[in-house]
Amino acid sequence: MDWQNDFQPLAHTKNSELPELMLTHLTEWSAITMIGDDKKSYLQGQVTCDVVTLAADESTLGAHCDAKGKVWSIFRLFNHNGGYALFQPRSAMETELTEIKKYAIFSKVDIEASNDVAFGVMGSQADSYIDSLSDTQGDVRPVAGGTAVRIEQNRWLLLIKDVSAQQLVKETSATKVDSTLWQYFDILSAQPKVTKSNQIEHIPQALNLQALDGISFTKGCYTGQETVARAKYRGMNKREMFIVSGNLEQPLDPNNNAELERAVGDNWRGAGQLLDVYQFDDGQAIGLIVLPNNLDDGVKLRLTEQPNTQWAIQPLPYSLIEE
């Protein structure tokens, strides 16, 4: 039996307990890899995060922007197999790969789409499980066939070779779940996500990247840096990413980005597309969306195609107030 068919949906409501250890195959995610003598200097001049100061046992979020500061890709950067990996939604990679390679001809660097398999490890026993796979400590660790990367407490990414992936699935005691639960934890922790449908739509600060240490304001020049700097020092950013939740009249189509409207007096005005959404089994849902950052407290929201729904903004797990 094909091991990729082992991962099944898990019935889940807001109040249900999840298994202590879960493994998911992240089929909608992949990585761009970068090797070569100039990989560090080349990437430093392309992305918002500080590549030079990144330790071997650490990861960081970052963004790659166009010249106007609009985001092609948000990724998690870490050391992997002697080079770098930029882990991100697979749908963004076709365009992002072309853009990130644009000036590589002038540097000693090879940039490719990875063939490695991506797994997510989640649950209260996830940290202990990763400890059993690696002899080292740190937020980025070598494991058989690749790399383990801490996303947050008790949530890890594994990026490993296919043969190691098959062995892992065969031997693990974890409950094998589909990747929607990974989306759920990304939403709870308000991790920004850029897919093909919303590339070149937002600047990094509209996706809260500054609050997640994904922007260095001291590293020097990179593509789009002027816009990013103006947004910080001149207060030009008028949008931010919110967690929103509400009810459903019917299930959402996972292949289409659902849209929200916001109440303006007695009328409704388009608010934007959900960047990510997770649907519980009891008719409730939770998601991420970019909205104006001057909305009134308690603004009413609803799904555009389901006008009888009621949605509201929820607290973020981090602060957007800059020191």
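**Exercise 1.** Which helices and which strand each supply at least two residues of the lining of the largest pocket?

*Solution.* The model is predicted, so local features need pLDDT of at least 70 and side-chain atom pairs count only at pLDDT 80 or more, while totals for chains, interfaces and linings use all residues. Residues are numbered from 1 along each chain as its sequence is written, and side-chain values use heavy atoms, with hydrogens and water left out.

Step 1. Recall the terms. On a 1 Å grid over the protein atoms alone, a pocket is an open set of points where a 1.4 Å probe fits, with protein on both sides within 12 Å along at least five of seven lines; lining residues have an atom within 4 Å of a point. Helices (H or I, at least four residues) and strands (E, at least two) are DSSP runs, numbered from the N terminus.

Step 2. Name the elements. They are helix 2 (90–100), helix 5 (180–188) and strand 14 (267–279). Strand 14 gives the most, with six residues.

**Exercise 2.** Describe the volume and the lining of the largest pocket.

*Solution.* Step 1. The volume is about 770 Å³, taken as the space filled by probe spheres set on the grid points, which are joined across faces, edges and corners.

Step 2. The pocket is lined by 29 residues, and E28, Q183, P254, D276 and V277 are the closest to its centre.

Step 3. Sorted by class, the lining has eleven nonpolar, eleven polar and seven charged residues. Here Ala, Val, Leu, Ile, Met, Phe, Trp, Tyr, Cys and Pro count as nonpolar, Asp, Glu, Lys and Arg as charged, and the others, Gly among them, as polar.

**Exercise 3.** With which residues does R155 form salt bridges, and is R155 buried or exposed?

*Solution.* Step 1. A salt bridge is a side-chain nitrogen of Lys or Arg within 4 Å of a carboxyl oxygen of Asp or Glu. By this rule there are ten salt bridges.

Step 2. R155 meets E152 at 2.7 Å, N to O. R155 also pairs with D186, with the closest N and O atoms 2.9 Å apart. The latter pair links distant parts of the chain, R155 lying in strand 10 (residues 155–160) and D186 in helix 5, 31 residues apart.

Step 3. Buried means under 20% relative accessible area, exposed over 50%, and partly exposed in between (1.4 Å probe, protein chains only). R155 is buried, at 1%, and D186 is buried as well, at 7%, whereas E152 is partly exposed, at 26%.
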